[in-house]
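Please read the following walk through the structure with the sequence and coordinates at hand. It moves from the annotated segments to the nucleic acid and then to the contact between the protein chains.

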Protein chains: 2
Amino acid sequence: MAVSRAEQRAVTRRALLDEGLRRFAADGYHRVVLAEVARAAGVTKGAAYHHFDSKAGLFRAVVAEVQEGLGERVAAAAELHEGLWEQLRAGCRCFLAAGTDPAVRQILLVDAPTVLGWDEWRALDEESSARHLVEALKALAAAGIIADQPVEPLARLLSGAMNEAALWIARGGDPGAAEQALDRLLAGLRTPA
Amino acid sequence: MAVSRAEQRAVTRRALLDEGLRRFAADGYHRVVLAEVARAAGVTKGAAYHHFDSKAGLFRAVVAEVQEGLGERVAAAAELHEGLWEQLRAGCRCFLAAGTDPAVRQILLVDAPTVLGWDEWRALDEESSARHLVEALKALAAAGIIADQPVEPLARLLSGAMNEAALWIARGGDPGAAEQALDRLLAGLRTPA
DNA sequence: CCATTTCACATACCCATGGTATGTGAATCG
DNA sequence: CGATTCACATACCATGGGTATGTGAAATGG
């Protein structure tokens with residue numbers, strides 16, 4: 001059975017990404033050895049370097065996929081609700097819950113900033129979750145639900161708060177308590193009716 | 001001139017810590033090579049391993065010192081003000097400003113969580129800045145200035161928010177805007193007079 | 001005051017691992 | 001159907017963290 005090169009390439013690439021995701025999530029970037037990832041994916045290190053320019057390159061691709069997936073989950077959770085405010089809350093809750101996912105926890109929250117450098121990490125974050133948050137805050141401000149203000153710094157603050165909270169939960173913090181605390185923070189932003 | 005061993009030991013250790021601080025702050029943990037640190041400190045790699053059990057061990061010691069210094073600066077900034085609320089604000093502002101310090105930025109905020117692992121990093125953070133924040137929040141709650149609530153999750157949220165904001169400022173974000181946004185968040189916590 | 005021990009390093013070495021250079025056989029193209 | 005490309009495999013190199021051992025000067029103690 002003749003397999004087209006494009007197909008084979010896609011299959012191999014996917015296998016590397018999948019195995020990379022597993023190992024990066026389970027062991028953390030530094031403890032992962034690229035040759036092992038390749039072997040578990042059924043190829044050799046040469047294949048990995050054919051598809052990605054470096055170990056960090058594979059990691060970057062994995063990060064992008066995880067980011068994207070998380071962004072979609074959060075957006076989907078938000079859209080289940082009616083009203084800008086409830087959508088924001090639902091998105092935040094979804095994000096906090098996602099912190100229990102080892103892939104999100106170890107890859108996105110712990111390793112990504114160091115491995116990719118903070119600038120590149122932020123750029124990736126911007127494309128997925130951060131952008132949604134900014135949009136949501138803008139809409140809330142436009143609707144008069146929160147005070148009119150520059151939303152970028154506020155989004156950074158909330159993003160950082162939720163990152164930390166997600167890690168805290170993943171490490172054993174009480175999810176309900178974190179949710180309530182975040183709710184209080186958000187509620188404090190509302191303009192008095 | 002005969003130099004006592006204890007003196008010599010202290011001098012060498014200090015030189016390693018100082019040079020390590022410089023390099024870790026400037027280049028980031030991974031790009032720092034231990035032998036170079038030792039050479040710049042006037043000794044060899046052997047000396048470094050005589051004083052610290054590993055590269056990460058030296059980094060850990062540097063982190064502890066930076067943490068301690070930062071905690072003291074924040075506490076000092078807070079104590080210049082009267083009233084629990086103004087002290088909290090002053091401490092937060094000081095922390096945000098500290099993010100421009102490359103040592104704080106790269107070592108504490110970017111590398112420490114990955115290199116030391118999140119658990120150990122948090123333990124170190126707890127001893128210095130985080131504990132102060134928790135104390136401040138407890139005092140505010142006891143005084144009725146903010147609502148009575150579990151302060152730990154709230155402290156984590158605020159800590160994460162400020163970490164992120166500090167990085168954002170260091171990378172070029174507007175310090176004033178970040179300060180204002182943080183002020184709004186904090187203000188939202190106050191119980192209506 | 002001298003022999004012995006300790007200690008603060010220096011020297012030499014190992015080896016894991018990221019990265020590279022080159023080979024190869026099967027798909028693709030003209 | 002030959003020439004070429006491509007998706008890898010194989011072999012190799014170099015850096016750097018970690019270790020094992022040597023050494024000479026300070027501490028110890030008799």
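Which residues of chain A does the UniProt annotation "DNA-binding region" cover? The unreviewed entry places this annotation on residues 33–52 of chain A. What follows describes a predicted model. In this model, residues 33–52 of chain A are 70% helix and 0% strand, and the C-alpha atoms at the two ends of the span are 14 Å apart. A second annotation from UniProt, "domain: HTH tetR-type" (unreviewed entry), lists residues 10–70 of chain A. That span is 79% helix and 0% strand, with its end C-alpha atoms 23 Å apart.

The helical character extends to the chain as a whole. Chain A has 9 helices and 0 strands, so its pattern along the sequence reads α-α-α-α-α-α-α-α-α. Its C-alpha atoms fill a box of roughly 65 × 35 × 30 Å along the principal axes. Of the 193 residues of chain A, 39% count as buried. Among contacts in chain A with a separation of 6 or more, 67% are between residues 24 or more positions apart.

The surface around the nucleic acid comes next. There are 22 residues around DNA strand D, and A:T12, A:T44, A:G46, A:A47 and B:S4 come nearest. Both protein chains take part: α1 (5–27) and α3 (45–51) of chain A, and α2 (34–40) and α3 (45–51) of chain B, each supply at least two residues of this surface. By class, the surface near DNA strand D has 8 nonpolar, 8 polar and 6 charged residues.

For DNA strand C there are likewise 22 residues around the strand, with A:S4, B:T12, B:T44, B:G46 and B:A47 coming nearest. Here α2 (34–40) and α3 of chain A, together with α1 (5–27) and α3 of chain B, each supply at least two residues. The class counts near DNA strand C are 8 nonpolar, 8 polar and 6 charged.

How are the two protein chains related? Chain A superposes on chain B by a rotation of 180 degrees with 0.0 Å of shift along the axis, at an RMSD of 0.0 Å. The two copies are therefore related as by a two-fold rotation axis. Within chain A, the C-alpha nearest this axis belongs to A:G188, at 1.8 Å.

The contact between the chains involves 31 residues of chain A and 31 residues of chain B. On the chain A side, α6 (102–116), α7 (118–142), α8 (151–170) and α9 (175–187) each supply at least two residues. The most comes from α8(A), with 12 residues. By class, the side of chain A that touches chain B has 18 nonpolar, 7 polar and 6 charged residues. Because 100% of the interface residues of chain A are also interface residues in chain B, the copies meet through the same surface.

Finally, there is the nonpolar interior. The largest nonpolar core has 110 residues, and A:A165 and B:A165 have the most contacts inside it. Leaving aside residues up to four places away in sequence, B:A165 touches A:P153, A:R156, A:L157 and A:G160 of chain A. Within its own chain, B:A165 touches B:L96, B:A178 and B:L182.

Conventions: Residues numbered from 1 in each chain as written. Chains lettered and ligands numbered in written order. Predicted model: local features only at pLDDT ≥ 70, side-chain atom pairs only at ≥ 80, totals over all residues. Near = placed C-beta within 6 Å. Helix = DSSP H or I, 4+ residues; strand = E, 2+ residues; numbered from the N terminus. Nonpolar A, V, L, I, M, F, W, Y, C, P; charged D, E, K, R; others polar. Least-squares fit on C-alpha atoms with pLDDT ≥ 70 in both. Contact = placed C-beta atoms within 7 Å. Core = buried A, V, L, I, M, F, W, Y, C linked by C-beta atoms within 7 Å. Buried ≥ 20, exposed ≤ 12 C-beta atoms within 10 Å, placed from the backbone. UniProt positions renumbered as here; feature names shortened; annotations may be inferred.
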